Amino acid sequence: MTEHAGATSAGTAGAAGTVFSRIAGTGSYLPEKVLTNEDLSKIVDTSDEWIAARTGIRERHIAAEGETTCDLAFHAASRAMEAAGVDAADLDLIVVGTTTPDLIFPSTACLLQHRLGANGCPAFDVNAACSGFVYALTVADKFIRSGAARTVLVVGAETLTRMLDWSDRSTCVLFGDGAGAVVLKADAETGILSTHMHADGGKKELLWNPVGVSAGFKPEEHNAGVKVLMTGNEVFKHAVKALDSVVEETLEHNGLDRHDIDWLIPHQANLRIIEATAKRLDMPMERVIVTVDRHGNTSSGSVPLALDEAVRSGRVQRGQLVLLEAFGGGFTWGSALLRY
C-alpha cells in the first residue's frame with residue numbers, strides 16, 4: 001500500500017493546495033534500569049560476545065516495577081510537545097503504536113490523553129508489532145492530509161520485556177523497553193512525502209505471542225502463557241527481503257536515487273539487518289542512525305527513539321531527506337520518506 005498526495009516529487013514544495021504533515025517536535029524516554037549482556041549471562045546461558053556478534057546489542061533498558069507503557073509514552077510525548085511548542089489543547093488526535101498496552105481496554109492512547117490533559121480529541125492504538133510507529137505515523141499523516149486534523153501526537157511505546165520468557169536465550173536477549181514520540185503539524189511546504197505499508201499474515205508463527213483474549217490464556221503456565229516466540233533465522237531472511245523491497249518502492253515512487261537520502265533511520269532489531277539495508281542503499285554507516293547497541297529492540301518504540309536521538313544530537317537537520325523503515329510480527333513492514 002502506497003500513500004501520497006498529488007504528484008509532488010520529493011525535491012519540490014507542495015503543489016497548490018497540497019498539505020503535508022511535518023514533524024514539529026520529537027521526544028523519547030528510556031526507563032532508568034539498564035540490563036547489560038553481562039547481567040543476562042548470569043541468568044541464562046549466554047555471553048556478551050555471543051549476543052553482540054549476532055545482534056549488535058550490548059545493553060537494554062527495563063521498565064521498573066509498576067512502570068507501564070503509558071508512563072513511558074507520557075514522558076516521550078511531553079518532550080515532543082515541548083519541542084514542538086504545543087499544549088494539550090492544541091492536539092486534534094493521538095495515535096499510539098504499541099503491542100504491549102497497559103490494559104486490553106481502554107487503549108493506551110486514551111490513558112495517555114487523560115495524563116496529558118487533552119481530553120476530547122480522538123485517541124486510539126495501532127498494533128503492528130515492531131512496525132507500529134510507522135503504521136501510526138501513516139494514519140496520522142492521512143488525517144492531516146485530508147484536513148481532518150492539523151496537529152497530531154504520534155507515539156511508539158513498549159514494555160516488551162513484560163512478555164519475555166527469561167529462560168529462552170534466543171529471545172530474552174533481544175528486547176528492551178522505551179518510547180518515542182513526534183508531533184506532526186500541517187505544513188504547506190514539505191514534510192512526509194510518502195508512506196508505504198505492507199503485511200503478510202501467513203507468516204504469523206515465525207514471530208508471535210501464542211495466547212490472547214479470544215484464543216485464550218494458559219493460567220497454568222508462567223505469565224499465563226504470554227511470551228515471544230521467534231524463528232530467528234527465518235525472520236532475518238524475510239526482514240532483509242521485505243525492507244529491500246519497500247526501500248526500492250519508496251525511492252521509485254518519489255523519483256529518487258538512493259544517494260539522495262541523507263539519513264536512514266531503521267527499526268533497531270538487529271545490527272546485521274540494519275547493515276544489509278544500508279548496503280542496499282549504498283549508504284555509509286555514518287549516515288545510518290544506530291541505537292540497537294544501547295536500546296535493544298524496543299519494538300514500536302525503536303524508530304522514534306532513534307529519530308529523537310538523531311535530532312537532539314544535531315545530526316538530522318531541517319531540510320534533510322530522511323527514510324524511516326520497520327519490520328515486525330504479522331508480518332508487517334513499512335516506510336516513510338520525509339523532509340525534516
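Start your tour by selecting P106, which sits in the loop between strand 5 (93-97) and helix 4 (108-116). Now add F105 and look at the link between the two: F105 and P106 are joined by a cis peptide bond, with omega at about 0°. Keep in mind as you go that this is a predicted model.

**A second cis bond**

Jump next to F331, in the loop that runs between strand 13 (321-328) and strand 14 (332-339). Show G330 as well, and you have another cis peptide bond, this one joining G330 and F331 with omega of about -15°. Both stops deserve a click because most peptide bonds are trans.

**An unusual phi**

Now select D282, in the loop between helix 7 and helix 8 (292-295). What is the phi of D282? The value is near 55°, which is positive, in a residue other than glycine. For context, most residues other than glycine have a negative phi.

**Two helices side by side**

Stay with helix 7 (residues 271-280) and bring in helix 6 (residues 232-253). Their axes come within 10 Å and cross at roughly 30°. Angles under 35 degrees count as roughly parallel, so helix 6 is roughly parallel to helix 7. Turn the view until one helix lies in front of the other, and check the hand: the crossing of helix 6 and helix 7 is right-handed.

**A pocket to explore**

Switch on a surface and go to the second largest pocket, whose volume is about 180 Å³. Which residues are closest to its centre? Select I62, A63, E65, T161 and R162, the closest among the 13 residues that line this pocket. Colour the whole lining by class and you will see a mixture: five nonpolar, four polar and four charged residues.

**The annotated domains**

Finish by colouring two spans that come from the UniProt record. The first to select is 124-201, which the unreviewed entry lists as "domain: Beta-ketoacyl-[acyl-carrier-protein] synthase III N-terminal". In the model, residues 124-201 are 19% helix and 40% strand, and the end C-alpha atoms of the span lie 22 Å apart.

Then select 251-340, given in the unreviewed UniProt entry as "domain: Beta-ketoacyl-[acyl-carrier-protein] synthase III C-terminal". Here the chain is 31% helix and 22% strand, and a distance drawn between the end C-alpha atoms of residues 251-340 should read 17 Å.

Definitions and conventions
Residues are numbered from 1 along each chain as its sequence is written. This is a predicted model: local features need pLDDT of at least 70, side-chain atom pairs count only at pLDDT 80 or more; totals for chains, interfaces and linings use all residues. Side-chain values use heavy atoms; hydrogens and water are left out. UniProt positions are given in the numbering used here, feature names are shortened, and annotations may be inferred rather than shown by experiment. Helices (H or I, at least four residues) and strands (E, at least two) are DSSP runs, numbered from the N terminus. On a 1 Å grid over the protein atoms alone, a cavity is a set of points where a 1.4 Å probe fits but cannot get out, and a pocket is an open set with protein on both sides within 12 Å along at least five of seven lines; lining residues have an atom within 4 Å of a point. Grid points are joined across faces, edges and corners, and a volume is the space filled by probe spheres set on the points. Ala, Val, Leu, Ile, Met, Phe, Trp, Tyr, Cys and Pro count as nonpolar, Asp, Glu, Lys and Arg as charged, and the others, Gly among them, as polar. Axes are lines fitted to C-alpha atoms, for helices over the stretch in contact, and angles run from 0 to 180 degrees between N-to-C directions. Angles under 35 degrees count as roughly parallel, over 145 as roughly antiparallel, 65 to 115 as roughly perpendicular and the rest as oblique. A crossing is left-handed if the near helix is turned anticlockwise from the far one by less than a right angle, and right-handed if clockwise.
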